[in-house]
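The following exercises concern side-chain pairing and helix packing. Each consists of a task and a solution worked in steps.

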Amino acid sequence: MSIHEVTREAILAALEEHDRLGPDEFLDKHGFGPARTYLLVHEGREYDSKAIVGVAHGYLDGKQPLAAAEFSGGLETVVKVLQDRGFEVRGSRSPAWLEAELVLACDVVMRNDWQLVRAQDPRAVALSQLLQALPLHPPESRGPTFRNPNSVQRKTSDIATQHPAYTGKPTRGGKLDKLVLRAFLDRPDEMHEQAEAIRAGIASGALTSLPKAADIDEEEAAAEGRVLTLLHLRRERNPKLRTKKIDNVIAAHGRLECEVCGFDFERTYGERGARYAEIHHVVPLHVTGQTETRLADLAVLCANCHRMIHRGSRWLTPAELHDLVSLRADEST
């Protein structure tokens, strides 16, 4: 038994089986683990190189698949066999698609009547360029095929074949693919606006770099997705805009109170709390897009109320949270 007997046709047959079963079932069926170093890249999709070669051996006449323990998966064995047969092999796996990337991809699929977008389509090329402009993945994690038009075709196929109207066998997309698709089916206008806000952020340069996300939990990001949440917080933390809003409120009312619960930092903490409050942008980015922020769009909040507004799958307005606080106060009396 030798992996050097494996032909290109046998490798293509193994790839077809992998696509039919999905990566997890394919690896489990044949007793392989995920590739640690070398990945086969074919038509924009990545495959575990050693597993593909081992299974391909079973597609030779009169041969059986090779077990993982029967051969080495190194540079001089599996990699050489694949490259000699005209396949591309590289040394790292492309990072998983994140929510903002899937929102952009799903929006393109929706506008293509829920059909995949092929790599040569100008829309796939444009989407590839957008995805490569997003600063969601560090440069060291991006290989030569990172979000290229072929990978865009593959991901739009994952989305399109999960659509309820699709009658064929779906490809094996991830769980997040299905969640984003469901959001588009349930709230198409809102999700399209999210995609437009991300595109506008890239075009304006606001999304070429982002503030750190360490202080954002999943509940906060749920309403708009992590990218739009970060942009939302960037607007709220703009020091010039914050100062103008605070000056405006003090000039109009002589004090700085939370618009929801009435908490006044200076009244409670003295000079240490003077002119302190958090600023909240009332209208989400997917509604406003990349527009100029007006002072009327901002609300003055205490830290607790600001956190409660951002919590959950739908952000509340200050008025809605005020009604909730008032209702709880009435119930306790």
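The exercises below treat a predicted model, beginning with the chain as a whole.

**Exercise 1. Overall description**

Task: State how many helices and strands the protein has, and what share of its residues is buried.

Solution.
Step 1. The secondary structure consists of 16 helices and five strands.
Step 2. Of the 333 residues in the protein, 44% are buried.
Step 3. As for contacts between residues at least 6 apart in sequence, 67% of them join residues at least 24 apart.

**Exercise 2. A salt bridge within a helix**

Task: Determine how Glu-16 and Arg-20 are placed relative to each other in helix α1, and whether each is buried, partly exposed or exposed.

Solution.
Step 1. A salt bridge joins the side chains of Glu-16 and Arg-20, with an N to O distance of 2.6 Å.
Step 2. Helix α1 covers residues 8-21, and because the two residues are four apart in this helix, about one helical turn separates them.
Step 3. The relative accessibility of Glu-16 is 43%, so Glu-16 counts as partly exposed.
Step 4. Arg-20, with a relative accessible area of 35%, is partly exposed.

**Exercise 3. Salt bridges between distant parts of the chain**

Task: For the pairs Asp-19 with Arg-154 and Asp-247 with Arg-275, give the distance between the closest N and O atoms. Then locate the partners and classify their accessibility.

Solution.
Step 1. In the salt bridge of Asp-19 with Arg-154, the closest N and O atoms are 4.0 Å apart.
Step 2. This pair links distant parts of the chain, since Asp-19 belongs to helix α1 and Arg-154 to helix α7 (residues 149-160), 135 residues apart.
Step 3. Buried means under 20% relative accessible area. Arg-154, at 17%, is therefore buried, whereas Asp-19, at 23%, is partly exposed.
Step 4. In the salt bridge of Asp-247 with Arg-275, the closest N and O atoms are 2.7 Å apart.
Step 5. Here, too, distant parts of the chain are linked: Asp-247 lies in helix α12 (residues 239-253) and Arg-275 in the loop between α13 (265-269) and β4 (278-281), 28 residues apart.
Step 6. Asp-247 has a relative accessible area of 38% and is partly exposed; Arg-275, at 39%, is partly exposed.
Step 7. Elsewhere, Asp-107, Arg-111, Glu-196 and Arg-199 form one network through salt bridges that share partners.
Step 8. The count for the protein is 20 salt bridges.

**Exercise 4. The surroundings of Arg-45**

Task: Identify the strand that holds Arg-45, and decide whether this residue is buried or exposed.

Solution.
Step 1. Arg-45 is part of strand β2, residues 45-48.
Step 2. Its relative accessibility is 10%, so Arg-45 counts as buried.
Step 3. Leaving aside residues up to four places away in sequence, Arg-45 touches Asp-19, Pro-23, Leu-40, Arg-154 and Arg-172.

**Exercise 5. Packing of α1 against α2**

Task: Describe the geometry of the packing of α1 with helix α2 and the residues that make the contact.

Solution.
Step 1. The axes of α1 and α2 (residues 23-30) are 6 Å apart, and the helices pack at an angle of about 120 degrees.
Step 2. The range from 65 to 115 degrees counts as roughly perpendicular and angles over 145 as roughly antiparallel; α1 and α2 are therefore oblique to each other.
Step 3. The crossing of α1 with α2 is right-handed.
Step 4. On the α1 side the contact is made by Ala-14, Glu-17, His-18 and Leu-21, and on the α2 side by Pro-23, Glu-25, Phe-26, Lys-29 and His-30.
Step 5. By character, the residues of this contact comprise four nonpolar, two polar and three charged.

Terms used: Residues are numbered from 1 along each chain as its sequence is written. This is a predicted model: local features need pLDDT of at least 70, side-chain atom pairs count only at pLDDT 80 or more; totals for chains, interfaces and linings use all residues. Side-chain values use heavy atoms; hydrogens and water are left out. Buried means under 20% relative accessible area, exposed over 50%, partly exposed in between (1.4 Å probe, protein chains only). Axes are lines fitted to C-alpha atoms, for helices over the stretch in contact, and angles run from 0 to 180 degrees between N-to-C directions. Angles under 35 degrees count as roughly parallel, over 145 as roughly antiparallel, 65 to 115 as roughly perpendicular and the rest as oblique. A crossing is left-handed if the near helix is turned anticlockwise from the far one by less than a right angle, and right-handed if clockwise. Contact means heavy atoms within 4.5 Å. Ala, Val, Leu, Ile, Met, Phe, Trp, Tyr, Cys and Pro count as nonpolar, Asp, Glu, Lys and Arg as charged, and the others, Gly among them, as polar.
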